[in-house]
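Me: Please take me through one part of this structure closely, beginning with its open space and going on to what surrounds it. I am in my first year, so please set out the reasoning step by step.

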Amino acid sequence: MKQDINILIKELVKSAIKNQFNLCSIISKYECVKQYPQFVLKKATFITLKQDGKLRGCIGSLVAHRELYDDLVINAKKSAFEDPRFKPLSIEELDKTSIEISILSDAILQEYSSVDDLKSKVKVGVDGIILKYKDKQATFLPQVWTDLPNFDDFFSNLSAKGGFDISCLDDGAMVYKYQVQKI
């Protein structure tokens, strides 16, 4: 019997992390694809780890360049063990860590003539944003709107994350929007 694809995705991500501690095998690609051929489609994903509601790791892909199965496994391991902002996840932290999986739509360039125009085109709480300015870029998943529900705060923090100022919006910064399927 087929299990729900979201349940299988969550189990796959958990198994990829637990496998690093030799606690289980990673669910096989063959088993995933046999149930859901979507696992071979190229998709971009983000894996977010949290402990007590606080970020513990978040790594992902902005562009679909790997099959869904591979992107999930690679980003799960990187989020748990290679996020440069955190120490690698320990076995003791495993049970205290929640996992959120985001499967991204393709990013679409949002043209705008002014900051006010951009404000009217960005859907708060819905749109993830990639902000590109000169040779730098940064992204926030749509979930970040929960913590930064105000457009100015959201874009100010996103700009700071990218290493530039929010005034970049008046200087031709490129804004891409995407949505996520959150699991």
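Reply: The largest pocket holds about 630 Å³ of space, and this value, like the others below, is computed from a predicted model. Rolling a probe the size of a water molecule over the atoms shows where empty space is left. The lining of the largest pocket is made up of 24 residues, and those nearest its centre are L55, C58, F140, V144 and K161. Strand 1 (44-51), strand 2 (54-60), strand 6 and helix 5 are the elements that each give two or more residues to this lining. Strand 6 gives the most, with four residues.

Helix 5 deserves a slower look. It runs over residues 151-162, which makes twelve residues, and at 1.5 Å a residue these should span 16 Å. The expected span takes 1.5 Å times one less than the number of residues, and the end C-alpha atoms of helix 5 are indeed 16 Å apart, which agrees. Its buried residues are F151, F154, F155, L158, S159 and G162. Seen down the helix axis, the buried residues of helix 5 fall within an arc of 125°, so they line one face of the helix. An α-helix has 3.6 residues a turn, so residues three or four places apart point the same way. The buried residues of helix 5 pack against helix 4 (115-121), strand 5 (128-133), strand 6 (136-140) and strand 7 (174-178). Strand 6 thus appears twice in this account, since it packs against the buried residues of helix 5 and also gives residues to the lining of the pocket.

The two ends of helix 5 can be described as well. At the N-terminal end, N150 acts as a cap, with a side-chain oxygen 2.8 Å from the backbone nitrogen of D152. Just after the helix, G163 takes a positive phi of about 85°.

One of the elements that pack against helix 5 is strand 5, and K132 is found in that strand. K132 counts as partly exposed because its relative accessibility is 30%, a value that lies between the limits of 20% for buried and 50% for exposed. Leaving out residues up to four places away in sequence, K132 touches Q137, A173, M174 and Y176. Its C-alpha atom is 9.2 Å from that of G172, although the two residues are 40 places apart in sequence.

From the lining we can also turn to S79, which is found in helix 3 (residues 68-81). S79 has a relative accessible area of 1%, so it is buried. Apart from neighbours within four places in sequence, S79 is in contact with I47, T48, L49, R56, G57, C58 and I59. Among these contacts is C58, which was named above as one of the residues nearest the centre of the largest pocket. The side chain of S79 also reaches the backbone oxygen of I47 at 3.0 Å.

Strand 1 and strand 2, which both help to line the pocket, have a loop between them, and D52 is placed in that loop. Most residues other than glycine have a negative phi, and most peptide bonds are trans. D52, however, has a positive phi of about 50° although it is not a glycine, and its relative accessibility of 80% makes it count as exposed. N22 is another residue other than glycine with a positive phi, near 60°; it lies in the loop between helix 1 (5-19) and helix 2 (29-35), and at 71% relative accessibility it too counts as exposed.

Helix 1 allows the check made on helix 5 to be repeated. Its 15 residues should span 21 Å at 1.5 Å a residue, and the distance between its end C-alpha atoms is 21 Å, which agrees. The buried residues of helix 1 are I5, L8, I9, L12, V13, S15, A16 and I17, and what covers them includes helix 2, strand 1, helix 3 and strand 3 (98-104). Helix 1 also has an N-terminal cap, D4, whose side-chain oxygen lies 2.8 Å from the backbone nitrogen of N6. D4 belongs to the segment before helix 1 and, at 41% relative accessibility, counts as partly exposed. To relate this region to helix 5, consider D4 and S159: they are 155 residues apart along the chain, and their C-alpha atoms are separated by 38 Å.

How values were computed
Residues numbered from 1 in each chain as written. Predicted model: local features only at pLDDT ≥ 70, side-chain atom pairs only at ≥ 80, totals over all residues. Heavy atoms only, no water. Buried < 20%, exposed > 50% of the residue type's maximum accessible area, 1.4 Å probe, protein only. Arc of directions from axis to C-beta. Contact = heavy atoms within 4.5 Å. Polar contact = N/O pair within 3.5 Å; in protein donor to acceptor, adjacent residues only side chain to side chain. 1 Å grid on protein atoms, 1.4 Å probe; cavity = no way out; pocket = protein on both sides within 12 Å on 5 of 7 lines; lining within 4 Å. Points joined across faces, edges and corners; volume = space filled by probe spheres on them.
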